[in-house]
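Here is a short report on one protein chain. It runs from the overall fold to single side chains.

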Amino acid sequence: MNILRYLDQPWIPKSIHTVRNLPAQTDIQRILIIKWGAMGDVIVSTAALNDIRAAFPHAHITLNTMSAFEHFFKDDPRVNEVFSVDLRGKERGWGGMMRWLQKVRTSRYDLIVDLQSVDRTRMMLALLQLSGG
C-alpha cells in the first residue's frame, strides 16, 4: 500500500521529498482519497479529484469524506464510491476509528491519498500500517 501525503510542508527536509511516477505503476487499481475538512476545503480539493481520475482512468476511486458532504459526491463520475465515518460526531472516539480502520483494511487499497494531512489522518494511517493494513 502506498500512502501519498503532500510533502510541501516547510518543516519537512527537502532530502526526503521523492518523486514517483505513480500512474506508471499498473498495480494501482484501488485508490482511497481522504478529505474530511470543512465544506470549502472539500470543494477546493475537487481539482485533485480531476487530476487523480485523469492519472488513473481505470482505477476504482473511493472518497472518504465527512457525512455532511457525502451527498455532494454520490453521483460524481470521478469517484466510484463515497463513504463517511462521523469521527467528529456520533462516531467520535475508538469505536469510529476502529470502524474506519476495518473499512479501509478490508477494502485493500493500493494507494491512499491523504488530502487532509492533519494529525488525525496521520494517526489513522499509522494505525492502519501497524495493523497490517
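The sections below cover the fold, the salt bridges, the aromatic pair with its surface patch, and two long-range approaches.

## Overall fold

The model is predicted. The chain has 5 helices and 5 strands. Their order along the sequence is β-β-α-α-β-α-β-α-β-α. The chain counts 133 residues, and 43% of them are buried.

Take the contacts with a separation of 6 or more. Residues 24 or more positions apart supply 65% of these. The accessible surface of the chain is about 7600 Å². Carbon and sulfur atoms own 56% of that surface.

## Salt bridges

Side chains of opposite charge can pair when their charged atoms come close. How many salt bridges does the structure hold? The count is 3. The table gives each pair with its N to O distance.

| Basic residue | Acidic residue | N to O distance |
|---|---|---|
| K74 | E70 | 3.4 Å |
| R78 | D76 | 2.5 Å |
| K103 | E81 | 2.8 Å |

Start with K103 and E81, whose side chains meet at 2.8 Å. K103 lies in helix α4, while E81 sits in strand β4, residues 81–83, so the pair ties together parts 22 residues apart in sequence. Are these two residues buried, exposed or partly exposed? K103 has a relative accessibility of 24% and so counts as partly exposed. E81 has a relative accessible area of 23%, so E81 is partly exposed as well.

The R78 and D76 pair has another setting. Both residues are buried. D76 belongs to the loop between α3 (70–73) and β4. Its relative accessibility is 12%, under the 20% limit, so D76 counts as buried. The side chains of D76 and R78 also register as a polar contact of 2.5 Å.

That leaves K74 and E70. Their closest N and O atoms are 3.4 Å apart. Is E70 buried or exposed? E70 is buried, at a relative accessible area of 18%.

## Aromatic pair and nonpolar patch

A search of the whole structure returns 1 aromatic pair. The rings belong to F69 and F72. Their centres are 6.4 Å apart and their planes make 20 degrees, so the pair is stacked.

The two partners differ in exposure. F69 is at 12% relative accessibility and counts as buried, whereas F72 is partly exposed at 44%.

F72 also has a role in a surface feature. Which residues make the nonpolar surface patch? M39, I43 and F72 make it, and the patch covers about 290 Å². M39 is in helix α1, residues 39–44. Its relative accessible area is 40%, so M39 is partly exposed. Patch residues need over 30% relative accessible area. M39 at 40% passes that limit, and F72 at 44% passes it too.

## Long-range approaches

R30 is found in strand β2, residues 30–34. R30 is partly exposed at 26% relative accessibility. Which residues does R30 contact beyond its neighbours within four places in sequence? They are H60, S107, R108, Y109, D110 and L111. R30 also comes up in a C-alpha pair with A59. The two residues are 29 apart along the chain, yet their C-alpha atoms are separated by 5.6 Å.

One of the R30 contacts, R108, has its own backbone feature. R108 shows a positive phi of about 50 degrees, although R108 is not a glycine. Where is R108 found? R108 is in the loop between α4 and β5 (111–114). R108 is exposed, with a relative accessible area of 59%.

R105 has its place in helix α4, residues 94–107. R105 is partly exposed, at 27% relative accessible area. Its C-alpha atom is separated from that of Q129 by 9.3 Å, and the two residues are 24 apart along the chain. Helix α4 is also the helix that holds K103, the partner of E81 in a salt bridge.

Definitions and conventions
Residues numbered from 1 in each chain as written. Predicted model: local features only at pLDDT ≥ 70, side-chain atom pairs only at ≥ 80, totals over all residues. Heavy atoms only, no water. Patch = residues over 30% accessible without salt bridge, like charges linked within 9 Å, V, L, I, M, F, W, Y side chains within 5 Å. Areas by Shrake-Rupley, 256 points an atom, 1.4 Å probe, with all protein chains shown as cover. Salt bridge = Lys/Arg side-chain N within 4 Å of Asp/Glu carboxyl O. Helix = DSSP H or I, 4+ residues; strand = E, 2+ residues; numbered from the N terminus. Buried < 20%, exposed > 50% of the residue type's maximum accessible area, 1.4 Å probe, protein only. Contact = heavy atoms within 4.5 Å. Polar contact = N/O pair within 3.5 Å; in protein donor to acceptor, adjacent residues only side chain to side chain. Phe/Tyr/Trp six-rings, centres within 6.5 Å; stacked < 30°, edge-to-face > 60°.
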